[in-house]
Amino acid sequence: MTQIPPTLPLRALFDAQYNASRAQVDVPLALRRDRLGRLRSLVDTHAQALAEAVQADFGVRSPQLTEAADLFVLRAGMAQVDKHLARWMKPRRVATPLYLQPASAHIQRQPLGVVGVIGPWNYPLQLTFGPAATALAAGNRVMLKPSELTPHTSALMASLVQQAFAADEFSVVVGGPDVAQEFSRLPFDHLFFTGSTQVGRLVAAAAAANLTPTTLELGGKSPCVVDASCDLEDASVKIAHGKLLNAGQTCIAPDYVLLPRGQEAAFERAYTAAAARLFPTIAGNPDYAAIVSERHQARLNALLEEARARGARVVDVAPAGGGGTAARQMSPALVFDPEPDLRLMHEEIFGPILPVVPYDGMDDAITFINLRPRPLALYWFGADSAARDRLLSRTVSGGVTVNDTLMHVAHEGLPFGGVGESGWGSYHGESGFLRFTQQKPVLVQSRWAMGHLFYPPYGPRFARVMG
Ligand code: NAD
């Protein structure tokens, strides 16, 4: 391992990784597992310190929340990669058509080279170390740029990675949008971005200049469809959990609910009770995360103000005592009768506000979803499997959980990603491994091959072959 000073300018760091990746193209299983193992043990050893750093960044966010919603998924994902890596790396034999026989064919799985990862602040460990771990296991060098909105976490990640890895293997680069812009202009072999759709467009444009392929894990408005056949109390607990986890700052949080018209009062009662059960208090409750910044708090307040001003019914569902504005712990809210042109109904909410949109029949709900950009996630609650299948076959989304929220992200056997404006490319499990892998087709010709039958001159012999 070449020891390279961590203070290298961005371009020099990239060049060091690039040169190392070209000097060692064939990265054996033992080395990949060693790198993955170092990252796994770094996370295990420093889990508490990392969770406390996240807490310091949010102001309020209990280490247990980070353990349950961030570290657990990260660790499960890394364990799964470790378990299956040897099998995923193996070449795949491919059957050869008659006209090419007796050649043989296979697909060789190789590292891409240098992978860049840009991450968001909301789950600052899982969404950064997760793709980085898979990219390392796929044999790549990795440069990671975490969010500037979680400075304690990003600084700790950088220092721990620097202790465990040579800079030309894996490095964490800290900094704000200016560093991020410079980072996204580097000619990576692959650039993996998790963040907003707006910044995703900038990243895709910067990467295009280098013909760098990207994975974009973006956001959007994920609908939650409640069918008339559902158990409303059970559904409300699961919707409240998905919405209020991390105070709604979850990319796959249900953004709005489509509810059979007439069930509004019952849903309001059930959701209010569910919220109080999960979070008996809001102000000072460390399990109920703070809104990450003043700017985001102001944005969410403005969404509610506009909704109120335009005649929507905003219901504060916080238990007695309400939210704590000083600590940016925002009261959960339901918004009934939102006009379709409200910002609340166009922009990703990313906070504990849940608009409720009534529908008259499942076809209305399907049309409502299909008239909007394709969502990252879709949720359906009910017992009527025919209605469920109709909705699933007529809508396109990044992923789906039926009769719960969020949980498809925790299934490592399922690819995770968006579609359309919610992103492109998926990862997790083998799909993640393949995202960071060149699948190189190799045809091994035999000296007895019949290819000469197709050579010119295209005379009568050729006509007989084609005939
Ligand atoms: P963001 O887009 O503001 O920032 C993400 C990262 O991009 C940060 O590291 C930031 O420094 C960097 N960045 C900022 N400007 C940049 C530029 N011009 N060029 C390159 N990089 C730049 O997103 P955020 O606020 O950190 O995260 C919230 C968003 O992320 C939400 O939209 C959410 O839905 C989405 N998200 C998606 C997923 C997913 O898996 N699909 C997961 C979590 C969050």
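The following paragraphs describe an annotated residue, the surroundings of the ligand and a small set of paired strands in a predicted model.

E217 is covered by the annotation "active site" in an unreviewed UniProt entry. In the model, E217 belongs to strand β7, which comprises residues 214–217. E217 counts as buried because 26 C-beta neighbours lie inside 10 Å, the threshold for this class being 20 or more. When neighbours within four places in sequence are left aside, the contacts of E217 are with F193, T194, G417, G418 and G423.

The ligand is surrounded by 29 residues, of which P120, A180, G195, G219 and C251 are the closest. Two or more residues of this shell are contributed by each of the elements α7 (177–184) and α8 (197–209). The largest contribution comes from α7, which provides 4 residues. By residue class, the shell around the ligand consists of 13 nonpolar, 12 polar and 4 charged residues.

An open sheet is formed by 3 strands in the order β1-β2-β18, with antiparallel pairing. Strands β1 (92–94) and β18 (437–444) occupy the edges; each has a single partner strand, and therefore one side of each is left without a neighbour in the sheet. On average, neighbouring strands of this sheet are turned by 25° against each other, direction ignored. Strand β2 (residues 104–111) runs antiparallel to β18 and is joined to β18 by 8 bridges. Across this pairing, Q108 stands opposite K440 of β18.

Definitions and conventions
Residues numbered from 1 in each chain as written. Predicted model: local features only at pLDDT ≥ 70, side-chain atom pairs only at ≥ 80, totals over all residues. UniProt positions renumbered as here; feature names shortened; annotations may be inferred. Buried ≥ 20, exposed ≤ 12 C-beta atoms within 10 Å, placed from the backbone. Contact = placed C-beta atoms within 7 Å. Pairing = 2+ DSSP bridges. Axes fitted to C-alpha atoms, helices over the stretch in contact; angles between N-to-C directions. Near = placed C-beta within 6 Å. Nonpolar A, V, L, I, M, F, W, Y, C, P; charged D, E, K, R; others polar.
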